[in-house]
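Here are some exercises to work through with the coordinates open beside you. Try each task before you read its solution.

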Amino acid sequence: MKLMTLMKGVLGTSLILGMTAPALAEFPEKPITMVVGFKAGGGSDTAARLMASELEKSLGQKIIVTNRGGAGGGVAAAYIRQQPKDGYTIGFAVATTFAFDPLLGNVAHGLNDFSYIAAPHGYRSVFVSPIDAPYKDFKGMISYAKERGWLNYASIIPLDRMIMNYIGKQEGLKVNIVPTRGGAGARQAVLGGHVDVSFSGSNALPMHEQGAVRIVASALPTGMPDYPDIPSLKSLGYDIYSRNYAVFFGPKDIDEQARKKLEMAMARAVRSPVYSDYVRNKFRGREIFLSGGELKAELEMQAKDFRHLLKATEE
Amino acid sequence: MDVMINAILDSLSLATLLSVALGVVLGIIIGAIPGLNAPMAIAIAIPLTFTMSPLSAIGMLIGVMKGGGFGGAVGAILLNTPGEPHSAATTLDGYPLARSGKPRKALQTALYSSVIGDSCSDIVLILLAPTLAIFALKAGPVELAAILILSLTLIASLSGNSLAKGFFATAFGALLATVGMDPETATPRFTFGYVELFDGLPLAAIAIGVLAVPEIIMRLEEGRHYGKHKPTLHDQHKGDDQLKTKEFFGLRKTIFRGAAIGTVIGALPGLGTTLAAFLSYASAKRFSKTPEQFGKGSLEGIASTESANSAVSGANLIPLLTLGIPGNLTAALLVGAFLIHGVTPGPMIFERDADLIYGLFAAMIMANVMVLLIGRTGLQFFALITKVPPYVIYPVVLLLCVVGIYVSQGGFFAVWLMLGFAVLGYLMIKLDISVVCFLIGLVLGPMIELSIRQSVVLLSQSPSSIFDYVFALSLLCATPMVAWILIRDRKRAGSNQKE
């Protein structure tokens, strides 16, 4: 009799929880918290939320998305570092949060303080000039600026400022760094013709196609295959690049079974129509997937390159 | 023309109407909750729109934006809890009026001014967006710096009884605004190792901290002395709690002035709602026949801020739609939402997404009508809050402030900051130092810093090119004259009082 009640209880509970899994506990058996390192509503936040809804479908558990924006993903990184390593709390930030920001010495975290789950997509950073500028390409801009004596550059983050300083150094050109708050401020400066060139995310691509601005260079080392006319910094003769990724991560030494399961679910999710359509057509990002191992190697390589760059611009 | 008519007919479908209405209701409720605000409401609503058609989705978000604007005024007027820094301007007269037993009148003034301000700027957006956008682009860092300096001079007239104390409060706010990353070198300033402070102090947490929490504490202090008579939150009904047509008609100049200020400021990305609200408030006070009523429950005070900050929300869409530049946080969230639904803001939007844009315009007008209708019904209920005894309502409000700030501003860190700033606000009120000036310094400080530093960088190579900036220079020349007029006014007011 007692056994019957117990069995009923177990059966009932598993039905209520909607568990189809066998009796053996398998990750995930409770909701997962996803901490997004950006303010709610932006392009990256949206990608994270779409990912969360895809993961819910394949993992069969609720994903609770919370935002801890600030310091370019640094606030979320600092938070995740202190969380349990069971895989039920994961973070979302970008590659520069781990490969570049620690080099500046302002944040307490380092690249090795985390486990990396996967990179679900990449970013496409570009350099944008006003459409009515007296030059039509990057080389033309440099010689125009040299003639005048300086280049006015709208910067968004420390990395892009360092890239432009590096180029200025190589060209023997004075670069005036005009600070802006976020991509919107930089966009405004370019559209109004207040600067010669600015850094921008992939949202400049549609404006380039519409003829509102001109993209003069891509920061990706190999350029953008679908825009063969836009040169990369590398092809322009500058040994420098930015190849940023969206990064899902957890605290150091996260439970490997859970990490693997999340990685596999994410690999499936990026192929889903909703996610790939968003990255390709709406966000205009780079459709690429890196596993945790590949991501870690990429971050280490970038950190090494950025360290060189830092040295080169300081000298 | 066909596209336009079809789009407008489309937008009149039941689905769109319902989603706009839902958005307005959601916006009013979330906006009215202490600690939450319109950007928060939009962030909450965006995932809800993932599965909707683009027009319904954007209509709903527009509804949330407009509803959230009025909701913010409800919180500011009834509870002195500004959800966003610009609502602090509405608390100046809204809260005193509500406390004097006229909550309905205060809410009605806010609602009607808000809807009129909003509609005016929407009409400007619909008729003139591309032209205005090109004009707005011409305003670069140098022009923005000049506008900000002139505006701050006008706003200085709000500094209360003592100019020195007002100046001190503003400077203190501006000093605290330097917390966070230096915009030029990205070196953390005054962050004491807290990554949470890298992007600056969370404004909503501080606005609630210095304005609302000390008020709650002081009301509860009073509560200890109530004795026998049964206390209510505000004074008992004295009649006269309805806005009369004649009174409202008297506000027309103030409302349209506010709408004009809000529209211009909103069309210039990077200036923002707080500037518009306080600028409108300061000029309403300057031109008022009864400036001494300001701060004590003046209808003009409420009308000036609400018409201006609502006008900003419509005008903010001008740079957003035509250039893809969001003018404030709310607009930035809308860009994200547009992207999800496959709409790329930019110069071609009127050709490529014409049907959607005209649908959006129709949805905006629709949302204004709904804010009016839903707001009118809602304010009858909201006003009932004032009947709840203070020992019930204030602890609840305090709890909501804590929860709201926890949710919207990033955890306990922001809650502790809010409580810390509550102590500061309490001390400032006791010392008669203007909390509002402090907030203005805090909000405008970073804008002034950034635009001046940008200007310096841009002019550093050829300082003489400053003479190319005719508009900026004329504003800068006007600044001392405005200051002189304001000081003269102040002296006159002072000698009148003595007589």
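**Exercise 1: the interface**

Chain B and chain A together bury about 3500 Å², 65% of it on carbon and sulfur atoms; buried area is the accessible area (1.4 Å probe) that two parts lose on being put together, summed over both. A word on conventions: this is a predicted model, in which local features need pLDDT of at least 70 and side-chain atom pairs count only at pLDDT 80 or more, while totals for chains, interfaces and linings use all residues. Residues are numbered from 1 along each chain as its sequence is written, chains are lettered from A and ligands numbered from 1 in the order in which they are written, and side-chain values use heavy atoms, with hydrogens and water left out.

*Task.* Work out which residues and elements make up the side of chain B that touches chain A.

*Solution.*
1. Begin with the residues that lose the most area to chain A: in chain B these are Val195(B), Leu458(B) and Gln461(B), together 15% of what that side buries.
2. Next, count contacts (heavy atoms within 4.5 Å). This gives 43 residues of chain B against 37 residues of chain A.
3. Look for salt bridges, meaning a side-chain nitrogen of Lys or Arg within 4 Å of a carboxyl oxygen of Asp or Glu. The rule finds zero across this interface.
4. Now bring in the elements, where helices (H or I, at least four residues) and strands (E, at least two) are DSSP runs numbered from the N terminus. Those giving two or more residues to this side of chain B include helix H6 (103-138) and helix H20 (435-459).
5. Pick the main contributor: H20(B) gives the most, with five residues.

**Exercise 2: an aromatic pair**

*Task.* Phe138(A) and Tyr238(A) form an aromatic pair; what is its geometry? Which parts of chain A does the pair tie together?

*Solution.*
1. Apply the rule: rings of Phe, Tyr and Trp (its six-membered ring) pair if their centres lie within 6.5 Å, with planes under 30 degrees apart counted as stacked, over 60 as edge-to-face and the rest as tilted. Over all chains, the structure holds 23 such pairs.
2. For Phe138(A) and Tyr238(A), the centres are 5.8 Å apart and the planes make 65 degrees, so by the definition the pair is edge-to-face.
3. Place the rings: Phe138(A) lies in helix H5 (residues 138-148) and Tyr238(A) in the loop between strand S9 (213-218) and strand S10 (246-251) of chain A, so the pair ties together parts that are 100 residues apart in sequence.
4. Check accessibility, where buried means under 20% relative accessible area, exposed over 50% and partly exposed in between (1.4 Å probe, protein chains only). Phe138(A) is buried at 1%, and Tyr238(A) is buried at 2%.

**Exercise 3: salt bridges within chain A**

*Task.* Where in chain A do the partners Glu209(A) and Arg284(A) lie, and is each buried or partly exposed?

*Solution.*
1. The closest N and O atoms of Glu209(A) and Arg284(A) are 3.0 Å apart; the count over all chains is 28 salt bridges.
2. Glu209(A) sits in helix H8 (residues 204-209) and Arg284(A) in the loop between helix H10 (273-282) and strand S11 (290-291), 75 residues apart.
3. Glu209(A) is partly exposed at 46%, whereas Arg284(A) is buried at 18%.
4. For another case, take Glu300(A) and Lys296(A), at 3.6 Å from N to O. They are four residues apart in helix H11 (residues 292-314) of chain A, so about one helical turn separates them.
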